[in-house]
Amino acid sequence: MKKLLVIVFLLIIPFAEMSAQINHKHYVLMGKIELSKENYTEAIQNFNVAVIAKPNDFEAYFLRGIAKYSLGDYSGAVEDFTRTLEIHPLYVRAYHYRGVANDRLSNYADAMADYKKAISLDPFSEELHIASGSTLMHLNDYPKAVAEFDTALIINPENANAYISRGIAKRYLNDLDGSLADMNSAVYNDFFNIEAVVRRGMIELEREEYEAAMRDFNAALRMDKDNPLIYFNRAVAYLNLGDTTAALKDYEKVNNLDQRNALTYFNRAIIYSIRNEYDVALALYNKVIEINPQNIYGYFNRGILYYRMKQWDDAEDDFTRVIELFPDFIDAWINRAVVKYEKNDVRGAEQDQWHAKQIMAFVSQDEANVDSLYAQYSKMDYNKIISFESDFVDGNRTKALVQFSDINIRPRGSLIVNITDKKDYYIDATLSQISESNDLGGKLAFVVNDLFDENHKSFINDKVIEGVDNESLKKFLNALYNFEIFNYQRGEIMFTELLDDPVLGVYAGINLSVLQNAKAELVVTDKNYDNSIYITQKRASESFTQTQEKPDYQQSLTTITKLLGKNKRNPYVWYNMGNIHLQMQEFEKAIDDYTKAIQYEQNLAEAYYNRALTLLYLNKKSQAIKDLSKAGELGIPEAYVVMKRFTE
């Protein structure tokens with residue numbers, strides 16, 4: 001009822017009178033109380049009233065920004081922190097927390113700029129250096145991150161969070177000894193820091209020091225008996241010590257605390273299956289699939305379970321579903337063939353074996369090993385299945401294209417519209433006219449995306465942007481600039497606003513799709529050791545994670561698909577779509593897309609090259625060689641290297 005009275009009050013009282021009558025300090029205090037109780041929506045309501053009562057008071061904006069951040073509204077938090085700084089330009093905490101929010105929005109350049117400004121105002125704040133180092137880790141620059149954490153520890157040698165962060169960075173640098181030493185220091189300086197204890201246990205697991213890991217997880221549980229991630233990690237330790245009964249109890253505890261933890265249901269199902277308790281295992285696999293209907297591991301392992309239970313039709317259905325989701329999953333083809341033999345479907349079994357053999361022939365490059373591979377796959381236990389597939393579907397770009405790793409090459413990247421002085425570019429009449437009409441310092445053209453290349457040369461700066469009269473072009477260049485400096489969220493917004501522009505819409509759409517693709521891949525770089533930054537002192541249990549995920553390219557694919565609806569004869573749109581389908585391992589679709597690109601631009605070298613690599617993966621060597629020849633002719637020298645290695 002109180003809130004209703006406030007609304008009526010706002011409607012009928014003039015603003016000046018209303019502001020004078022509202023007790024500003026009261027609502028700020030009430031907001032702080034709700035904030036401390038983690039009632040963030042209620043806190044925001046109180047700060048809203050405080051802001052109306054006193055629009056130029058920075059504190060209410062700042063605290064509202066914290067509340068919004070805590071609710072996951074990072075854009076709203078940035079706006080409130082920005083408003084705070086407009087009122088109080090020297091408020092260090094606002095720069096600090098705006099940097100944290102920008103980090104969450106993938107606006108990494110803005111985040112680093114905020115940290116730099118904050119550090120210039122308060123150079124002896126270890127927390128600012130920790131935040132800066134964390135953003136550097138999100139950009140995979142671990143050596144620089146370590147240097148920032150070093151600085152934090154020079155300022156305060158007892159900062160446990162700095163040791164934790166540096167330990168995580170060292171782990172990424174494969175320095176397990178250094179990582180463990182830092183976790184030891186973190187625990188020494190803050191014995192009751194649960195994160196330090198748990199992360200030390202995780203490092204000890206990697207070092208196969210299971211008894212030590214067990215001690216740490218037990219200690220952590222004494223401090224927080226309801227943390228599901230601690231039970232999960234302790235279960236892993238129990239498994240490695242051979243105590244499956246204790247591991248099952250911990251896994252069950254995890255699911256009691258977190259009923260939608262599919263990974264834990266999956267691990268429990270594995271153990272029950274090994275123990276031949278098929279009914280329990282089946283129920284658990286059903287739960288995995290219920291939570292995540294796209295999980296190929298759930299279907300695959302359930303299919304094996306059905307096979308052991310001699311439920312042939314159900315087993316075949318599950319292996320078929322795996323193949324539908326992941327057509328090049330060798331194990332699924334083999335296992336479905338085995339099931340078809342059991343059903344006396346000899347012809348179907350032979351067809352499945354043929355498909356599997358085509359895939360394996362390329363992977364192994366040794367036909368003599370095929371029989372041994374069949375034997376290996378037929379005897380493969382669950383742990384080997386998981387281990388094998390975890391690398392194959394990993395989100396990291398290099399690993400996702402593991403089929404090419406033995407020749408140390410990768411497909412050509414997608415095309416973006418950027419300013420270039422290179423000779424290898426593609427241009428149309430519209431871009432040519434724009435380049436001639438504006439002093440851009442180079443040509444605005446289609447080029448292979450090289451923004452991640454350390455040798456990338458940027459032509460975009462304030463002078464170039466301000467020298468443009470057309471507002472749409474100015475926005476396009478601003479969006480491109482933000483893309484270049486890894487301010488993904490900011491660039492994404494600007495490109496999206498240009499999608500309906502009659503001149504620049506298609507170019508904005510192409511760049512937007514590539515940006516979304518790049519952001520999807522960067523998002524998954526934090527896997528087992530996620531280094532999230534928290535504004536509040538309380539550390540969420542979600543900061544510990546054991547799951548691995550692959551990039552979600554759906555947003556990028558949706559953008560390019562919509563663009564294609566209006567630009568069906570644009571070769572660069574088709575080419576980029578082919579790259580997305582290749583990343584998604586939808587190889588036949590990728591080939592069709594590259595073919596369309598070539599149909600509309602016969603000199604598109606990258607399309608020939610990438611189609612060739614895809615054809616090689618599918619063991620269509622003769623067709624691939626033709627494309628490699630054309631790609632080499634059009635200026636891609638690597639095409640000849642590939643051709644030589646595959647024709648020897």
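These legends walk through several close-up views of a predicted model.

**View 1. Helix 13 and helix 14 packed side by side.**
Let's start with a pair of neighbours, helix 13 (194-206) and helix 14 (210-223). Two packed helices are described by the angle between their axes and the distance between the axes. Here the angle is about 160 degrees, and the axes lie 8 Å apart. Angles over 145 degrees count as roughly antiparallel, and helix 13 and helix 14 are therefore roughly antiparallel to each other. The crossing of helix 13 past helix 14 is left-handed.

**View 2. A buried salt bridge between Arg-200 and Asp-216.**
Stay with the same two helices and look at their side chains. Side chains of opposite charge can pair when their charged atoms come close. Arg-200 and Asp-216 form a salt bridge, with 2.7 Å between the closest N and O atoms. Arg-200 belongs to helix 13 and Asp-216 to helix 14, so this pair links distant parts of the chain, 16 residues apart. Are these two residues buried or exposed? Both Arg-200 and Asp-216 are buried.

**View 3. The loop between helix 13 and helix 14.**
Next comes the loop that joins the pair. Glu-208 sits in this loop. Its phi is positive, near 60 degrees, although Glu-208 is not a glycine. With a relative accessibility of 59%, Glu-208 counts as exposed.

**View 4. Asp-177 reaching the loop at Arg-207.**
Which residue meets the side chain of Asp-177 in a salt bridge? The partner is Arg-207, at 2.4 Å from N to O. Asp-177 lies in helix 12 (residues 176-189) and Arg-207 in the loop between helix 13 and helix 14, so the salt bridge ties together parts 30 residues apart in sequence. Asp-177 counts as exposed at 54% relative accessibility, whereas Arg-207 counts as partly exposed at 27%. Across the whole model, the count comes to 34 salt bridges.

**View 5. A loop residue with positive phi, Asn-276.**
Here is another loop to zoom in on, the one between helix 17 (262-274) and helix 18 (278-291). Asn-276 lies in this loop. Its phi is positive, about 65 degrees, and Asn-276 is not a glycine. Asn-276 is exposed, with 51% relative accessible area.

**View 6. Helix 32 from start to finish.**
Helix 32 covers residues 571-583, a run of 13 residues. From the first C-alpha to the last, helix 32 reaches 19 Å, close to the 18 Å expected at 1.5 Å a residue. How many of the residues of helix 32 are buried? The number is 13 of the 13, so helix 32 is largely enclosed by the rest of the structure. At the start of helix 32, look for Asn-570, where a side-chain oxygen comes to within 2.9 Å of the backbone nitrogen of Tyr-572. Following helix 32 is Gln-585, with a positive phi near 65 degrees.

**View 7. The salt bridge of Lys-589 with Glu-586, and a network elsewhere.**
The side chains of Lys-589 and Glu-586 meet in a salt bridge at 3.6 Å, N to O. Lys-589 counts as partly exposed at 46% relative accessibility, and Glu-586 also counts as partly exposed, at 26%. As a companion to this pair, find Asp-150, Arg-166, Lys-170 and Asp-182, which are joined into one network by salt bridges that share partners.

Terms used: Residues numbered from 1 in each chain as written. Predicted model: local features only at pLDDT ≥ 70, side-chain atom pairs only at ≥ 80, totals over all residues. Heavy atoms only, no water. Helix = DSSP H or I, 4+ residues; strand = E, 2+ residues; numbered from the N terminus. Buried < 20%, exposed > 50% of the residue type's maximum accessible area, 1.4 Å probe, protein only. Salt bridge = Lys/Arg side-chain N within 4 Å of Asp/Glu carboxyl O. Expected span 1.5 Å × (residues − 1). Polar contact = N/O pair within 3.5 Å; in protein donor to acceptor, adjacent residues only side chain to side chain. Axes fitted to C-alpha atoms, helices over the stretch in contact; angles between N-to-C directions. Parallel < 35°, antiparallel > 145°, perpendicular 65-115°, else oblique. Left-handed = near helix turned anticlockwise from the far one by under 90°.
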